[in-house]
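Work through the exercises below with the model in view. Try each task before you read its solution.

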Amino acid sequence: KLKAINNYYLFILSNAQDENKSKKYAEDGLKYFSLIIEKYNKAMQLNEAYSYIAEIFLRTERLDKALSSYKKAMKLTSDNEAMVPILVGIAEIYGKMKKYNKSKKYFAEALEKSKGINDIPMSKIYFDMGIAAYENDYFQDAIKYFLDALRLKDYANYLKANKEYEIDIHWYLSTIAYKIQDYALLLVHLNQLLIMMDEEHCYFANTLLLFGHYYLINNEFEKASAYYYRV
């Protein structure tokens with residue numbers, strides 16, 4: 001169990017930094033979780049093991065295997081609180097598969113089962129709904145979900161303290177606003193990004209670029225040029 005969980009977290013932590021290490025941790029995590037299922041199934045609940053496996057497959061874009069593992073976890077789960085992240089995972093997968101209606105169905109079921117359970121971070125569910133809507137070009141849905149995620153983030157302490165989570169929300173809202181030419185919404189979230197970021201942030205140059213595009217569209221060429229030069 002310790003080897004399985006340690007490899008899972010090493011995989012999560014190294015995912016954006018070292019592709020080779022990340023791949024090794026993912027495969028080792030899968031190996032140990034599979035051993036738990038096949039041989040040492042008293043080490044943890046089987047639905048938990050299948051959920052870890054599903055998330056590794058999801059994060060490595062092996063969507064069919066992720067879906068299969070989540071559905072095995074779901075068959076072994078009766079508790080609503082444990083069911084919610086499984087339903088959200090399935091909804092994410094259908095979103096990535098461009099099956100948006102199925103994605104919405106599973107997200108709706110996750111929201112229904114979340115009712116009355118205080119420990120579930122509702123903001124994160126709405127954030128994931130926003131991602132699915134964004135990736136399927138349902139931009140009005142995505143705006144609504146990201147705004148809900150922003151509104152609810154302070155109810156979960158680990159999200160309230162997570163500045164990067166809020167920056168991500170503002171970045172998606174800015175990107176969508178530009179795509180649909182809602183320039184009032186664009187300025188609100190671009191300005192918020194500049195307040196929250198420094199020049200080292202990975203979104204900083206792109207934020208300046210969107211400002212440049214905004215001023216170019218509005219024929220304010222000097223301002224547009226200044227932002228483009230900064231980029």
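**Exercise 1. Sort the lining of the largest pocket into nonpolar, polar and charged residues.**

Solution. This is a predicted model. Start with the classes: the lining holds 22 nonpolar residues, seven polar ones and 13 charged ones. Next, take the space: the largest pocket encloses about 1,600 Å³. Then go to its centre. Of the 42 lining residues, Glu55, Arg59, Glu92, Lys124 and Asp128 lie closest to that point. Glu, Arg, Lys and Asp count as charged, so these five belong to the charged class.

**Exercise 2. Find which elements give two or more residues to this lining.**

Solution. List the helices: H1 (2-14), H3 (46-59), H5, H7 (122-135), H9 (157-160) and H10 (163-179). Now pick the main contributor. H5 gives the largest share, ten residues.

**Exercise 3. Locate the largest nonpolar core and the residues that touch the most other members.**

Solution. The core has 80 residues. Phe33, Ile125, Phe146 and Ile169 touch the most other members. Ask where the largest share comes from: helix H5 (residues 80-96) supplies nine residues. Now zoom in on Ile125. Skip its neighbours within four places in sequence. Its contacts are then Val84, Val88, Phe107, Leu111, Ser114 and Ile120.

**Exercise 4. Describe the whole protein: how many helices and strands are there?**

Solution. Count the elements: 13 helices and zero strands. Take the extent: the C-alpha trace spans about 70 × 40 × 30 Å along its principal axes. Check burial: 46% of the 231 residues are buried. Finish with the surface. The protein exposes about 13,100 Å², and carbon and sulfur atoms supply 50% of it.

Methods. Residues are numbered from 1 along each chain as its sequence is written. This is a predicted model: local features need pLDDT of at least 70, side-chain atom pairs count only at pLDDT 80 or more; totals for chains, interfaces and linings use all residues. Side-chain values use heavy atoms; hydrogens and water are left out. A nonpolar core is a set of buried Ala, Val, Leu, Ile, Met, Phe, Trp, Tyr and Cys residues joined through side-chain atoms within 4.5 Å. Buried means under 20% relative accessible area, exposed over 50%, partly exposed in between (1.4 Å probe, protein chains only). Helices (H or I, at least four residues) and strands (E, at least two) are DSSP runs, numbered from the N terminus. Contact means heavy atoms within 4.5 Å. On a 1 Å grid over the protein atoms alone, a cavity is a set of points where a 1.4 Å probe fits but cannot get out, and a pocket is an open set with protein on both sides within 12 Å along at least five of seven lines; lining residues have an atom within 4 Å of a point. Grid points are joined across faces, edges and corners, and a volume is the space filled by probe spheres set on the points. Accessible areas come from the Shrake-Rupley method with a 1.4 Å probe; for residues, only the protein chains shown count as cover.
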